[in-house]
Amino acid sequence: MYLKELVDQMISLLAENRLQYLHQAAAYYRVINNIMVKIIDNSNHTTIICVLIKLLHSCAESNVPSKYEKLVMKCFWKIVKTMSNWTADLDYDTILLEVHRFLKDYPTTWWKKRKSDTPLRTIKTVLHSMTRVKGSSIQHHLTLINNTNESELQAYLIRLIASLKSDEINATAKVTPKSNNVGRTSKHLSKSTCQQLAEIFKKIGSKEHMHEQMFTKR
């Protein structure tokens, strides 16, 4: 299962209350939450950030439950808290490309017509955290974007750089040592975690099958 699909499944389980009919449902919710934390901590950091941006992008273009969107943003806030520790592991060019795509399709003007612009502010908070680490050199990481004029990303980064004081920029922005973990692949989930996942999906499958039988019987 690809990381995006796995994260989508985990968040969907929590958002759609598909576990509520299971015996000891609260325990399963705790397991899912713990697995999500492990996924965020142990996945390739660039990949998990891009996955969450893509999921937030999907939220904007479809009628997903509001709880789903909130859970995606909750994952982002967890990442923001620890992003300064991921400095040398991140592929900034790849992340900024994904942000560019998001802002290209859903610019600030689009969000002004919505009841809430929290997803946009969440993305901008991620940009703020990255800029605090990289400083003005963040502009050198737009290499994967063919046309920067297609979104407000570059203009926003310029404003962000101008607004940051020198003491707000981490020392790592001046000297960024290479990490042995750059481009690292995602760690595999532990055997026990995989077994927990298998058990949950098995129970959900059998429960849904039972409901189907109930509704098809005459």
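Trp-77 sits in helix H4, where helices (DSSP runs of H or I, at least four residues) and strands (runs of E, at least two) are numbered from the N terminus. The model is a predicted one, so local features need pLDDT of at least 70 and side-chain atom pairs count only at pLDDT 80 or more, while totals for chains, interfaces and linings use all residues. Residues are numbered from 1 along each chain as its sequence is written, and side-chain values use heavy atoms, with hydrogens and water left out.

At 39% relative accessibility, Trp-77 counts as partly exposed; buried means under 20% relative accessible area, exposed means over 50%, and partly exposed is in between (1.4 Å probe, protein chains only). Leaving aside neighbours within four places in sequence, Trp-77 is in contact (heavy atoms within 4.5 Å) with Thr-122 and Thr-125. Trp-77 and Thr-125 are 48 residues apart in sequence, yet their C-alpha atoms are 8.7 Å apart in space.

Zooming out, the chain has nine helices and zero strands. Of its 218 residues, 42% are buried. Among contacts between residues at least 6 apart in sequence, 79% join residues at least 24 apart.

H4 (residues 66-82) also has helix partners. Its axis and that of H3 come within 10 Å and cross at roughly 155°; axes here are lines fitted to C-alpha atoms, for helices over the stretch in contact, and angles run from 0 to 180 degrees between N-to-C directions. H3 and H4 are therefore roughly antiparallel to each other, since angles over 145 degrees get that label, while those under 35 count as roughly parallel, 65 to 115 as roughly perpendicular and the rest as oblique. The crossing of H3 and H4 is left-handed, meaning that the near helix is turned anticlockwise from the far one by less than a right angle; clockwise would make a crossing right-handed. On the H3 side, the residues that meet H4 include Ile-48, Leu-52 and Cys-59, and their H4 counterparts include Tyr-68, Glu-69 and Ile-79. The residues of this contact divide into 13 nonpolar, no polar and one charged (Ala, Val, Leu, Ile, Met, Phe, Trp, Tyr, Cys and Pro count as nonpolar, Asp, Glu, Lys and Arg as charged, and the others, Gly among them, as polar).

H1 (residues 3-15) meets H4 too: the two axes come within 9 Å and cross at roughly 125°. H1 and H4 are therefore oblique to each other, and H1 passes H4 in a right-handed crossing. Asp-8, Ile-11, Ser-12, Leu-14 and Ala-15 in H1 meet Lys-67, Tyr-68, Leu-71, Val-72 and Cys-75 in H4. By class, that contact has seven nonpolar, one polar and two charged residues.

Then there is H5 (residues 92-105). At 1.5 Å a residue, its 14 residues should span 20 Å, and its end C-alpha atoms are indeed 20 Å apart; the expected span is 1.5 Å times one less than the number of residues. Ten of the 14 residues of H5 are buried, so this helix is largely enclosed by the rest of the structure. Among them are Tyr-92, Asp-93, Glu-98, His-100 and Phe-102. The buried residues of H5 pack against H3 (45-61), H6 (108-111), H7 (118-134) and H8 (153-163).

Lys-124 belongs to H7 and, at 18% relative accessibility, counts as buried. Not counting residues up to four places away in sequence, Lys-124 touches Thr-108, Glu-152 and Tyr-156.
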